[in-house]
Amino acid sequence: MTEKFDETPDQDDGEMSFEELFESYNDNLGQELAPGDMVEGKIISVGRTHVYIDTGTKSDGVVEKQELLDENGEFPFQAGDVLTLYVVSLNESEIILSKAISGAGKVALLEDAVQNRTPVEGKVTEVIKGGFSVDILGKRAFCPVSQMDVNYVETPEDFVGQTLRFLVTRYEENGRNIVISRRSLLNEEIKAARQAFFADVSQGDTLQGKVIRLMPFGAFIELAPGVEGMAHISELSWSRVEKPDEVVKPGDTVLVKLLSITPQDGQDLPKISLSLKQTATDPWESVDAAFKPGDQVSGKVMRITNFGAFVEIAPGVDGLVHISEMSHTRRVTRPEEVVEKGQDVQVVIKSIDMDAKRVSLSIKDALGDPWTGISVRYKPGDIMEGRLEKRETFGLFIGLEPGVTGLMPVSVLRNAADAKLYDALKPGDAVQVLVQQVDEENRRISLAPPDQKDIEDWKQFAGNKKDKPLGTMERVLMEALNKKKK
């Protein structure tokens with residue numbers, strides 16, 4: 001026997017039909033929320049253009065993904081995160097949400113926005129006396145210039161045309177007198193951003209920041225909205241820096257190392273110390289591998305003092321050229337006589353002290369010592385041309401070549417055939433001289449007039465050793481004497 005089932009619904013079992021349930025669902029749709037209500041809900045899913053939110057009602061909420069992007073244009077949320085949004089409108093299938101009440105809402109919500117401190121969107125239309133004219137839901141609102149930003153507004157025109165979020169601080173005369181503030185809303189956002197920043201960072205972290213202003217002693221860098229740190233001028237670069245703008249400019253995005261966070265008495269925010277240079281390797285770690293004493297390298301004069309010049313031979317590695325190491329050819333009394341700041345120079349590394357981070361350099365060694373090999377180039381008896389450099393009571397200093405100066409004592413000047421010639425010499429004048437003696441080790445050359453009155457007196461300057469080779473002038477004089485004797 002086949003069993004039959006009664007397909008007619010039992011109206012007495014207390015259960016509702018599908019049609020009644022559907023109608024009941026539609027009747028109750030969205031009754032829990034109204035435009036302007038604030039909703040805290042979890043993200044259900046993230047689509048390409050929209051984000052879907054669990055509103056806690058029978059209908060899910062939807063908000064444009066573009067609204068939730070951060071200042072870098074990135075979407076910082078994921079499924080499960082809780083967002084605070086506002087109901088803009090409702091329809092049969094979804095609840096439209098937004099970060100603020102926008103033009104999609106109703107003008108009547110403005111009064112609620114004042115009471116509930118609900119953000120509203122407005123478009124800045126023009127700059128007027130004392131502030132800005134802003135279109136809020138079709139109504140003209142006034143934003144004082146002091147309330148447009150947390151910082152001083154230098155160029156108000158920059159805000160014209162922008163659509164921004166505001167708080168309604170005054171709504172009077174049925175919307176004919178509306179005053180709004182963006183600053184108070186920014187302060188709330190900054191406070192939240194500060195709390196999130198300090199909860200997530202610690203000393204030693206490497207962070208990204210934006211240079212916002214420069215001072216003679218360093219650079220101030222924004223790490224998060226309302227959070228600034230300072231990099232002292234000594235922490236901007238491993239190289240010596242005299243002005244911060246040599247390294248960074250306002251608006252630059254930089255990597256910094258967080259050195260310390262120090263609470264300050266009587267202030268809400270701590271002092272934050274930063275370093276740009278410590279995000280890179282200390283160049284001194286590789287100095288001993290890159291350089292050694294005796295190397296000749298090029299460098300740039302970075303700083304001049306009264307005792308010498310500091311020359312950068314690699315980024316962040318400076319060496320000192322002492323004033324005594326600047327020239328073989330003259331006595332230097334001021335470093336500026338030889339070098340100037342910014343000049344490229346050749347130097348020889350004399351010594352490296354890794355512990356003290358010091359390098360000793362020499363310019364004169366890079367140029368070469370003119371006294372090296374002097375005994376080969378100058379021999380007793382040679383006659384050559386020199387120039388008077390300086391006259392002293394004990395004799396004349398006569399330059400033979402750059403860096404090589406000989407002395408003609410007063411005692412030999414008396415034997416000159418024309419002594420008045422030497423009395424009339426002025427610095428820079430050319431004069432013929434006779435080389436008497438050359439002492440390369442002690443860097444000395446003795447000179448005499450080539451026209452001696454008494455040959456015997458002159459012969460003493462050449463020495464009495466018979467095996468000593470004769471100089472040019474000596475040979476000429478000896479030949480003349482021999483002829484005279486014959």
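1. A charge is taken to sit over a ring if NZ of Lys or CZ of Arg is within 6 Å of the ring centre and within 35 degrees of the ring normal. The charged end of Arg303 meets this criterion over the ring of Phe310, at 4.1 Å from its centre. The charged end of Arg213 likewise sits over the ring of Phe220, 4.2 Å from the centre.

2. The model is predicted, with local features requiring pLDDT of at least 70 and side-chain atom pairs counted only at pLDDT 80 or more, while totals for chains, interfaces and linings use all residues. Residues are numbered from 1 along each chain as its sequence is written, and side-chain values use heavy atoms, leaving out hydrogens and water.

3. Six aromatic pairs are counted (rings of Phe, Tyr and Trp, the last by its six-membered ring, with centres within 6.5 Å; planes under 30 degrees apart are stacked, over 60 edge-to-face, the rest tilted). One of them joins Phe75 and Phe77 edge-to-face, at 5.7 Å centre to centre and 75 degrees between the planes. Phe217 and Phe220 have ring centres 6.3 Å apart and planes at 80 degrees, so this pair is also edge-to-face.

4. Relative accessible area (buried under 20%, exposed over 50%, partly exposed in between; 1.4 Å probe, protein chains only) is 36% for Phe217, which is partly exposed. Phe220 counts as buried at 17%.

5. Val301 lies in strand S16, residues 296-305 (strands are DSSP runs of E, at least two residues, numbered from the N terminus). Val301 is buried, at 2%. Its contacts (heavy atoms within 4.5 Å), not counting residues up to four places away in sequence, include Phe310 and Lys341. Val301 and Lys341 are 40 residues apart in sequence and 5.1 Å apart C-alpha to C-alpha.

Definitions and conventions:
Helix = DSSP H or I, 4+ residues; strand = E, 2+ residues; numbered from the N terminus.
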